[in-house]
Structures are given as structure tokens and as C-alpha cells.
Amino acid sequence: MGGISVLILISILSAIFYFFVAIFLILMAYLLFTYVFESVALMQIYKNAHDSGYWQAWIPFYNKYLLGKAAHSNRLGGILALNNCLIILLGFYFYHFQSFHAVLFVVFLLLLLCGFVLDCFLSHKIFKQVSARYADILTLFSVLSLGVLRVIFLFLIRKSSSIDV
């Protein structure tokens, strides 16, 4: 009888493990997708503005500053870059020490929310430069899709000459 219960317990634990691995892989795919599309969009925006440093859109964290610069909010872009850096550092802290600290986890969640809001706000400012008429609709769909459509919209408007850097 004891052997069967151990097998059931092991199968439950392995199912939980695979569930978390699947969540991790989905999260990594989402982050890679948003990073690539946002970097390509920013690179093209800066290339259209005849900026010789358009390749800098591929530098992690600095591309968030460039997003703020394209939206004419350098300070918010810098805050967003710092915010993303803190998110990564807290993520490494949780992974390395493998302990749960409620206060740090709440700070982590607040930083994630703040980063999402700043991303959407800066993208909204860029959308307004391209089409003031549809900027609110694009931002609404960006928020409802949890940011997936935000990078797609940035990618689609990347060649617009009305974006002033």
C-alpha cells in the first residue's frame, strides 16, 4: 500500500513541476517575442530619423530608454530602463536564494505593474505621433492583450515618417 501512495505522490509532484516548466517556457517565449519586435521597431524608427545609432535598439535596458526618447520622455524611458533592471535583479535574487520574502515579492509585482504601465504610456505617446485618432484604441487593445499587441502595433507603424525622434 505504501508503494502505491509514493508513486501517486511522485506523479503529482512531477505534474506540478511540468506545469511550472511550461509557465516558464511560455514566459520566456513572450519576453523574447516582445524584445525582438520592439527592438526591430525602434531600430527602424531611429533609422527613419537618420540616427546613426539605430543599432542601439538591440541593447537590453537601453532600448527602453530609446523608447522613451522616441516618445519625447527621456526621463520616463530612463525610469523604465531602471525598473526593468530592478525586475531582473529581483528575479535573480529569488532564483538564487530560493526563499520567499513577502515584501520583496510585493515590490517585484509592483515593479512589473509599473513597467507595464510605463511601456503602455510611452507606446501611447508614439501612437499619438502617428495617428492621434487611433492612439487610444491601439493602447486599449495593447492593455487588453497584456502587451502582446503593443509590440505588434509598434512594429506595424515603424516605417511611419511622422514619428519624430
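1. Q44, which lies in helix α1, counts as buried in this predicted model, because its relative accessibility of 16% falls under the 20% limit for that class. Setting aside neighbours within four places in sequence, Q44 is in contact with R158 and K159.

2. Helix α1, spanning residues 2–48, also holds S39, a residue that is buried with a relative accessible area of 0%. Leaving out neighbours within four places in sequence, the contacts of S39 are with A57, W58 and N63.

3. F33 is likewise a residue of helix α1, but at 28% relative accessibility F33 counts as partly exposed. Not counting residues up to four places away in sequence, F33 touches V148, V151 and I152, and helix α6 covers residues 148–156. Along the chain F33 and F19 are 14 residues apart, and their C-alpha atoms are 21 Å apart in space.

4. Two residues in loops deserve a look at their backbone angles. F61 is not a glycine and yet has a positive phi of about 70°; F61 is found in the loop between α1 and α2, where its relative accessible area of 32% makes it partly exposed. Q98, again not a glycine, has a positive phi of about 45° and is found in the loop between α3 (74–97) and α4. At 66% relative accessibility, Q98 counts as exposed.

5. The packing of α2 (62–70) against α4 (102–130) can be described as follows. The axes of α2 and α4 come within 9 Å and cross at roughly 40°, and the two helices are therefore oblique to each other, with a crossing that is left-handed. From α2 the contact is made by K64, L67, G68 and A70, and from α4 by D119, L122, I126 and Q129. By character, the residues of this contact of α2 with α4 divide into four nonpolar, two polar and two charged.

6. Helix α4 is also packed against α5 (residues 135–144). The axes of α4 and α5 come within 9 Å and cross at roughly 155°, an angle over the 145 degrees that sets the limit, and α4 and α5 are therefore roughly antiparallel to each other. The crossing of α4 and α5 is right-handed. On the α4 side the residues are F116, C120, H124, F127 and K128, and these meet A135, D136, L138, T139, S142 and V143 in α5. The residues of the contact of α4 with α5 divide into six nonpolar, three polar and two charged.

7. Which residues of helix α5 are buried? They are A135, L138, T139 and S142, and they cover an arc of only 95° around the axis, which puts them on the same side of α5. This pattern can be read against the geometry of the helix: an α-helix has 3.6 residues a turn, so residues three or four places apart point the same way. What covers the buried residues of α5 includes α4 and α6, whereas the face turned away from the buried side carries the exposed residues D136 and L144. After α5 comes L146, whose phi is positive, near 60°.

8. The contact of α4 with α6 remains to be described. The axes of these helices come within 11 Å and cross at roughly 30°, an angle under the limit of 35 degrees, and α4 and α6 are therefore roughly parallel to each other. The crossing in which α4 passes α6 is left-handed. In α4, D119, C120, S123, I126 and F127 meet R150, F153 and L154 in α6, and the residues of the contact of α4 with α6 divide into five nonpolar, one polar and two charged.

9. Helix α4 can also be followed residue by residue through these contacts. D119 and I126 are among the α4 residues that contact α2, and D119 and I126 are also among those that meet α6. C120 and F127, in turn, are among the α4 residues that meet α5, and C120 and F127 also belong to the set facing residues of α6.

Technical notes: Residues are numbered from 1 along each chain as its sequence is written. This is a predicted model: local features need pLDDT of at least 70, side-chain atom pairs count only at pLDDT 80 or more; totals for chains, interfaces and linings use all residues. Side-chain values use heavy atoms; hydrogens and water are left out. Axes are lines fitted to C-alpha atoms, for helices over the stretch in contact, and angles run from 0 to 180 degrees between N-to-C directions. Helices (H or I, at least four residues) and strands (E, at least two) are DSSP runs, numbered from the N terminus. Angles under 35 degrees count as roughly parallel, over 145 as roughly antiparallel, 65 to 115 as roughly perpendicular and the rest as oblique. A crossing is left-handed if the near helix is turned anticlockwise from the far one by less than a right angle, and right-handed if clockwise. Contact means heavy atoms within 4.5 Å. Ala, Val, Leu, Ile, Met, Phe, Trp, Tyr, Cys and Pro count as nonpolar, Asp, Glu, Lys and Arg as charged, and the others, Gly among them, as polar. Buried means under 20% relative accessible area, exposed over 50%, partly exposed in between (1.4 Å probe, protein chains only). The arc is that of the directions from the helix axis to the C-beta atoms.
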